[in-house]
Structures are given as C-alpha cells and as structure tokens.
Amino acid sequence: MLSFLVKRGLCFIVVLLLVINQNDIQAQTFMGRDLKTINVDELTDEDIIGYMQQAKNSGYTEQQIEAIARQQGMSESQITKLRRRVEQLRQLPQTSTGIQSEQSQLGRQGSLQTEAGLFGKTPYTRVNDSLTEQQKKIFGYDLFQRENLTFAPNLNIPTPDNYILGPGDEIVVDLWGATQIYNRLEISPEGTIRPDNLSPIYVNGLSIKEAEQKIITRLGQIYNGLKGDPPTVFFQVSLGNVRTVNVSVVGEVNQPGNYSLTSLSTVFTSLYAAGGPTEQGTFRNVQLVRNGKLETTIDLYDFLINGIQDNNLRVKSGDVIIVRPYESRVELDGEVKRPGYYEILEGETFSELLDFAGGFTNTAYKALVTARRNGLKEREVVDVNASDFDAFLPKDGDVFEITPILDRYKNRVQIDGAVYREGEYELTPGLTLKQLIEKADGLRGDVFMTRATVYRMNDDFSQDVIPVDLAQLMNGTIPDITLMREDIVSISSIYSLREEYIVQISGEVLEGGVYPFFRQMTVQDLIVLAGGLTEGASGAMVEISRRNKNPSLNTMAEIITLQIDKSLSLSTEDRNELLQPFDQIYIRKTPGYTIQQQVTVEGEVIAPGTYSISRKDERISDILKRAQGLTTYAYPEGAILVRRTEFSSAKSNDEISQEYLQQLRSKLLSDESTLKNISQTRLIERLNKIQNKVAPDNEADVVGSRIRRENIQDIQEQDSLIREVEIKEEELTVLDLMKILDAPGSKYDFIVKEGDVISIPSKLETVRIAGEVISPLNVRFDSGFNFKDYINDAGGFTPTAKKGRSYIQYPNGRKKQTKRFLFFKFYPKVEPGATIFVSKKPDRQPINLQSIIAITGSMATLALVVDRLSR
C-alpha cells in the first residue's frame, strides 16, 4: 500500500514536470529547464505541492504517465527522490499542504461516508427527534434511525480474506525493484483482467489471495526477477475500487426499494438504507433471499442484546431482503430496566422476555407479575408467580405490569432527638426502648429526662402515644418497653422545649446585634463576640436592660449600670455581673466624642475644597471666611446649598433584620473559639430559632426617616390630584448669599451640616425660556427687558399656554409666580441665569351626547324628588 501511495503521487508530479501544455505532451523542457538535468533537491516544497495540485486535474492515465516519464529520460535516482519528497509532504497536515492522502484521492470508491450518490435510490431521510412515543417504546426501533450508526463498510482496512472478486472490482498490481510497474486493472464483465503484454487472466470468483497467486505466476513469465533467488522484483496485489451491487429491500420497511451498494455492504447496511423496519415490521425474522432461495434468517435481537452479527452476510447483486410483519409482540411496563414492546418467538418464555428488558429494577416486586391478556371474547388477567417464569409462554398482545415493592418496612424502628445517632434501626426480636437507646450510642447531655414519647402505628393505621419517664426507665425504676414494627421514639432536648436564649448588644460596638446566650457569659464576652468596641465607646457608661421577673414590682425592666475595662482584660471583677438570657446591653458613646464632619465649598471662592465642621453652631459665613471669601467673578445671587435629606441613610426593617441575621450566621459558623465549646450542629439549631428575632435599631433617625417617607406616600395615595413627590437623598436648599454676606449670623445664615455642598457660580449672562412658548431657547440677559419681552423673543405663548401659572426660577433655586389682581397680571422680575417657565392648560374632555343625557336624566330625577318632598 505504501508503494501504491508513493507511486500515485510520483505520477502526478511527473505529468506536471513533463507536460507544460496539455496539447503538447512531447515537450522537452519544463519552466525553461531540461527534464533530464532536473535536480529534485533544488525543488522547494511549494513547487512540488503546486505541481501535484495541477497534475490532479491533468486527466492522464497511469500508463500514459509512466510511458511519458521513460520517454523523456528521467533518471531512476531522481524518481526515487521525488517519491521520498512526496511521502514526506503527505505526513504533514492536509490543511497546510493541500495534499490529500492517496486513499482519499485514488483509493477505493463507494464509501458510505456520504449519502449523496451512494444508493441507487435516495436513502431514507432521518429527522432528529422525529420518533413518536409508540416508536420509541418498540425495542430496537431506533437502531436504524441513528445518523451516527450507518453500518457503512470500512473501506480503509485490508481486503477480507473471504472477499470474492467479481466484474466491476479493480485490482491494483504494483511491482518495484529492478522493474517499476503500477497497474490498476478492472475486472471485465467476462471476469478477466489484462495486464500489459499478457493475455487475459480469469479472476472472477477468486479470493484476493487466489487472484494474487494467479496474476504473479503469469507476470513471472515476462519478469524473471519475480522468480529469482533472491528475487530482484517485488510485488503487491491489492483491491482498489470495489464493485457496486444492486439489492432489493421489501416488506415492512420505512422505504422499500432497490439500492445500489458497495460489494462490501451487508444486510444491516441495506436495512439502514431503507430506514429499518416499520412499527409493524419484525426484528426477529429478517430474511435474505439469494438466487430465489432463502440464504439466511437474521434475528436483530442477537445484535441488540449480545452484539452478535453471525448472519449479517455481505450482499450480492440480485439479493432480496424481506422484512415481514411481526407475529407476536408483548409489552413490559413498570419496574424493568428497559420498558417497552418486545417481539417474542414461539417457545420463548417470560424469563427470556425479562432478559430482553435487562431484568428487574432494584425496587421491583419479583414474587408475582400480572399479565393482561386478550381472550377470544374479552380480556383476562393472568398471575405469573416467580416459580413459573421459566415455563410461562407469553402470547401476542400480553401486557405485563411489574409493580414496585411496598414503601414500608417489616422490621424498622426509628429514634430521633437527644441521642448521639438518630436514625433507623432493625427491629430484632424482643428489642426494648432501653436497648434501642444503647444502639443509638446513648443519650446526649442535653436530654430532657422527664419525658420521652413512643409513637406506635396500630394494625388499623390508628396511632397511639406512649409517654415514658426517661429518668426512671434508665435507672430501672419502671419496666422497659418492648418495641414494635414502625415505632418512632422521640427524645426531646431541654433546649427544644424552651425559648431560645439570646442576648442583644447595641451602641458603640463594631457588630451589634443578636447573639446566642452562654452560661457564665459577661459583658466583656459579648463585646468580643460583637467584634470589640468602637473608638468612641465609653467604658463607664454600660447599661444592661434585664427582663422583669418579679410581678410585684411596678417596673418594665431592671436597669443595671456598670463600668468595664475597655481593654477587655480578664479580672475577678468581670464575673461580678453575669449576663442572663434576653439581656440587652447598651454601650454608650463617650460624652463629647464626635467624628469629623465635612462640608464642601465649590465654585468661585478663593480656596475651594472640603472643610471640617469645627463647632456645632458653625454657619455658612464662617465656612466662606475659612475659604478666603469670594473671587471677583463670583455671582452670589446664584449661590445654592445642596443638603442631604433625612432619607439618605434610611433602611427598612427587613434590610436591618437580614443584615443582623447574616452577621450572626457568619459569626456562628466561622468563630473557632465558639465551635470548640459547642457543636456546630447545635449552633445551627440555635441560629434557626434566632433568625426570626429582629435586630435593634441603632440609628435614631432611621425610624423618623421611615415615618416621613410613609407620610408622603400616604398623602399621594389619598389624593390622586397631588403630583407625585420624588423622594431624594439630596435636595437643593434656597440660599440668599447676599443677605448672608451682609449680615453674618442672621436667620439667613444657615448652620452647616454633614455633607453640605455650597456652590457659588460665576457671573451668569443668559436667561432660559421653556414650556408653552413657540420656540424655547436661551437668550442674552438684558437689564432693560421684562418678562413679556423675553416671551416675545421666544415667539410668544402657544395656544395651550396657561399664562397666569407662569413662573421664574432663579439660579439659587427660589421660584416666583405670576400674580393677578382683578384683570391685571404682575410678572416677576427677571435676573441673570433665571429660567422662565410657562405652564400648560390641563386637558379637558369634551362632553359627548351620552354625558349630556346622563346629566339631564339626573337633574330630572332630582327635580321630581324635590317636587314630591315639597308636597
């Protein structure tokens, strides 16, 4: 085969080297060079690749190529070098060389790798996911419906020893050594081939090995090197293109017809071409008829179940494949591994049918199988016991229902609660409650010894509750209890029978919130759980609020004030005041301790930037003085103050609760010191109980912000005429900077707050006209113009303008509206940077005829009522 590949590639190159013009094959030169003097070593890979690509389309036969090569006198050494170069190029990826392997260019034809032009009749077309539910249930139906399982013969393997040659097959004869010959010889309709200089050789009906011996024997008559000792001529005889055979597929197949297949095709290949059996076709009795006689019968279940293809013979021309209707089909449903429809041959038992389905599932009830059978006049039910599986013969139409085992236990007892190993246990004969507790590795330390409960299911499915004094049971004071099937023993924990103990801490700690209570816990221990104190915390102002347990006292809670060491170091005094469940601890801030607060000054000041508030009554004038005053380009009339609203830091209760819950969960699951003392499971249980607790509100203004927000929303809901109020975190505050500069400390001089932004613009020179005017625009400020002059510059009012609602907004945020007195309108003064806004008249709905009739009817009714009342 290697010689075959090299020979073919060499022939292509030789053609291109010898033939410049297809009309003149006797040319003596190529690209200006004499072929006799060509040195293959001087040719680049690109040259050889280009020559091969052109030679591919030259159209010369192999015999013509070899004759031309020898005629032009190319030396054998150069031919050998070309062979090596071609072979090396073929080892490279096809995408980089553009050279296909010889097998794909010149090897056997008729491969089933593509369907176009393969069969005499267009093969059955398969559509993805096109099978019906009925088809999917037929065992084996999808075998011939898969695009990735075509049963195409592999043409890239050595010729099978039992392959019989026939007319149309091509034999490749390759000689090398002292003699170089390469022939591709097609077997004639008479069954012969004819090598050069020899009479016809009859090879029809021979295997490839038998044909090789016969051909080499005849070639030895003219090539003595084949018979030498040692031989000087070497040979290889192989199968080239294979012949085409015509096969008929009839009966219950999806597409009956005649198909042209390669001679290496089998019965399975033919069935695939025809789309396989239909829903009514048999999978157990596929017949191959050859020369009018039954050649073999194929049971497809042998391949589907065991992978056996003994009767999958290669087809020959004239073969007929018959798929008859099935004779007996049954259904297996329920707890089998492959539920579906199965074809049954005569004499096959239920055990064999069960093997087809892969057997029972692990939850199947195997003692009895119920079959529904079609009788002569009506349907009937047949019970098949496990002992009869090997003898019971299914019939056509039987439906076998394999039910699952009962979801119950015959020897189970359960225990849960305060034991070390909760779960299910085997009910052994005479098992008692005390023995079950021992099986569960005993009682936990948190067990509630006063009472345990046994829940028992009676035969009538009623339930009994059996209380047990666990302490007396364990010390033998009372007799032990014998357990029964499906008993459930519940042993409570002392923690599950009481409210979960928690403590709360708030104020000047890093992670305030709700934490689990531990015995011998002090305030310092809780502070450590809360991440420690803030910088402003006061150790002398710690307050504990404790639940009042004395009903005679007229108090809501017991208040305890104490001092702590801020270093949280251990001392004997730490244990003087131990925490109790549900204590609330408040860590106050050190008097006078405040965090720096800043305001920002921007715009036309000499030193813009951020300034810290130095005292609580510091005003805008003080900040501007620290900013070195205004520049000469400042426009104080347009100065504004941007201030945070009370909504800027508001949080909902749900957000706060989730925040504290997340902190608590992280603390419980990550704090190694806590996990060393208490099991992680116990902590998670406590967390599940605590998660409904709402963390305290540490910020006093949060509640006020929420109430103000709700008030605004309530007003909007109650009065639909009120324009929607947008709740912002920052709002513009009207500022009269001229009065502030003239009278520092006056009522116009605001006290600054955290986050204030004082913005002083440069001189403004324009006026903006917007709203219901013909042409909204910006115009130059003119001190001689009044309100109407600017409206006229914008083209005047539109027909929908509501002139009386026009107003001006000044650069500092202040607004002034047009005023009316009798028939006179007084328009506000226009200043640089102002915006004139003209409102729009509200849309009015015209009164239609129905409205008029309704109003008239209402008035008439009212008049009638008044008239009767007056009487």
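**Rings, a buried serine and a surface patch**

Student: In this predicted model, at what distance from the ring centre of Y326 does R329 lie?

Tutor: R329 lies over the face of the Y326 ring. The distance is taken to the centre of that ring, and its value is 4.0 Å.

Student: Which ring lies under the charged end of R547?

Tutor: The charged end of R547 sits 3.7 Å from the centre of the ring in question. That ring belongs to F582.

Student: Are the rings of F350 and F400 stacked, edge-to-face or tilted?

Tutor: A search of the whole structure finds 17 aromatic pairs, and F350 and F400 form a pair whose ring centres are 5.0 Å apart. Planes under 30 degrees apart count as stacked and those over 60 as edge-to-face, with the rest counted as tilted. The planes of F350 and F400 meet at 45°, so the pair is tilted.

Student: How many residues apart are F350 and F400 along the chain?

Tutor: F350 is in helix α11, whereas F400 is in strand β17, and their pair links distant parts of the chain. Both residues are buried, and ring pairs link them with F360, F389 and F392 into a cluster. Along the chain, F350 and F400 are separated by 50 residues.

Student: Is S260 buried or exposed?

Tutor: S260 is placed in strand β9, which covers residues 257–262, and its side chain is joined to that of N246 by a polar contact of 2.9 Å. Buried means under 20% relative accessible area. The value for S260 is 17%, and therefore S260 is buried.

Methods
Residues numbered from 1 in each chain as written. Predicted model: local features only at pLDDT ≥ 70, side-chain atom pairs only at ≥ 80, totals over all residues. Heavy atoms only, no water. Helix = DSSP H or I, 4+ residues; strand = E, 2+ residues; numbered from the N terminus. Buried < 20%, exposed > 50% of the residue type's maximum accessible area, 1.4 Å probe, protein only. Polar contact = N/O pair within 3.5 Å; in protein donor to acceptor, adjacent residues only side chain to side chain. Phe/Tyr/Trp six-rings, centres within 6.5 Å; stacked < 30°, edge-to-face > 60°. Lys NZ or Arg CZ within 6 Å of the ring centre and 35° of its normal.
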